[in-house]
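The following exercises concern a single protein chain. Please examine the sequence and the model before turning to each solution.

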Amino acid sequence: MSRPAGSTRNPFRSLPPEVAVLTAVAFSVALGFGIVAPAIPLFAKDFGVSNFAAGAVVSVFALVRFASAPVAGRLVDRLGERLVLASGIGIVGVSSLLAGLSHSYVQLLVLRGVGGFGSAMFTVSSFALLLRVVAPHERGRATGVYQTGFLLGGIAGPAFGGPLTAWSLRAPFVVYAATLLVAGAVATVFLARTALTEHERAAGTADHVPTSLGTALRSSAYRAAVANNFAVGWAIFGVRASLVPLFVVEGLRLGPSWTGAGLVLSAVVQALVLIPAGRMVDSRGRRPFLRAGAAFALAAGLTMAFAGSAPLFLVGMALYGTGSALLGVSTAAVVGDVIGGRGGAPVAAFQMASDAGAFIGPLVAGVLADAASFEVAFLATAAVSGLAFVTTVAMPETRAVARDTVAL
């Protein structure tokens, strides 16, 4: 039985309780990461290393996380989502605590790399578990509230991390470990008795075996989801965070406070759109909103390329927030549909696409901004979003239409 989109004010209403648990875990993890992020390069510099070496401490986490995602996917299929999730959080927590106690740059670098492996385990397993416990007609809404937890934690974290870093460079690592301890305890206690078989029977997916990556890649819908997740990583997790601060100061000749205003606006818009978008993706289909999200991301890139004033810059940032929300829920729902709620390897590849975009995007955009202009850098980013949009043209609708609903 389908539910009207506005029939519930509680975003968790009628969803499996595991969705609320996973959202709380996501908030705790993102909160802790936001707290420790400002301290990492400064702590590295405290060992007397170069700016490049300090940046390497940040990069090694992302690179190991990217490289180990396939391993995490295989572990999910072999050991189960819950064990991999708890283990991943534990690895990140212990490595972060030890990183805060590091007595050399090499120790810090190695421990952050270990944390990247744990992060891959957590990210892949938590998303795989989310897709497994919800019914097909709930995937968009469940993804919306789950991503909102990450977003709110990411917004709140730096507000605490900045002052804490000013007080002590080691304290944020201890606090990060504490937030992960809370997240791990919540996951262990409330997910230990999750009746996965009962959820799968209710969702009609009890007879599904884990989908292989090769099988998923044969689906044009899955390929479109992966391509657009790469574009999200490039434009929103990468370029928006790395190039926008430079663009505001050097391109628009505005004060750094405008960077904060733009990033906050983008995050607020994303938070406001996520949950309604998830409901619409479930009620009206994945394809229209995946296309719309790609179109918004393309429009954002073009707007930023030709932004010559603060108002147009803010419009571009709002477009980025809208596109990110629409793509976040629609691509995740498509992946869940294609794999039937089961498949660690396809989930890992989907996550890797975003990580790859977030790593490559800032590098390419930075080179283009140095060699040509900010306009060219943002046009290249828009081109990536445009190519991702093209993949949505031929993709089929993946949402299973209930008997009492009409396909739109």
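**Exercise 1. Determine in which helix proline 362 lies and how its exposure is classed.**

Proline 362 is found in helix H14; helices are DSSP runs of H or I with at least four residues, numbered from the N terminus. The model is predicted, so local features need pLDDT of at least 70 and side-chain atom pairs count only at pLDDT 80 or more, while totals for chains, interfaces and linings use all residues. Residues are numbered from 1 along each chain as its sequence is written, and side-chain values use heavy atoms, with hydrogens and water left out. The relative accessibility of proline 362 is 21%, and therefore this residue counts as partly exposed (buried is under 20% relative accessible area, exposed over 50%, partly exposed in between, with a 1.4 Å probe and protein chains only). Finally, the C-alpha atom of proline 362 is separated by 9.6 Å from that of threonine 381, 19 residues apart along the chain.

**Exercise 2. Describe the lining of the largest cavity.**

Begin with the count: the structure holds 1 cavity of 30 Å³ or more. A cavity is a set of points on a 1 Å grid over the protein atoms alone where a 1.4 Å probe fits but cannot get out, and lining residues have an atom within 4 Å of a point. The volume of the largest cavity is about 30 Å³, being the space filled by probe spheres set on the points. Next, list the lining: Arg65, Ala69, Ala120, Thr123, Val124, Gln351 and Asp355. Helix H3 (51–79), H5 and helix H14 (344–371) each give two or more residues to this lining. The largest share, 3 residues, comes from H5.

**Exercise 3. State how helices H4 and H5 cross.**

Two packed helices are described by the angle between their axes and the distance between the axes. For H4 (residues 81–100) and H5 (residues 105–133), the axes come within 7 Å and cross at roughly 155°. H4 is therefore roughly antiparallel to H5 (a term for angles over 145 degrees, on a scale from 0 to 180 degrees between N-to-C directions).

**Exercise 4. Locate arginine 253 and give its phi.**

Arginine 253 is placed in the loop between helix H10 (220–251) and helix H11 (256–284). Its phi is positive, about 60°, although arginine 253 is not a glycine. Most residues other than glycine have a negative phi. With 67% relative accessibility, arginine 253 counts as exposed.

Key:
Parallel < 35°, antiparallel > 145°, perpendicular 65-115°, else oblique. 1 Å grid on protein atoms, 1.4 Å probe; cavity = no way out; pocket = protein on both sides within 12 Å on 5 of 7 lines; lining within 4 Å.
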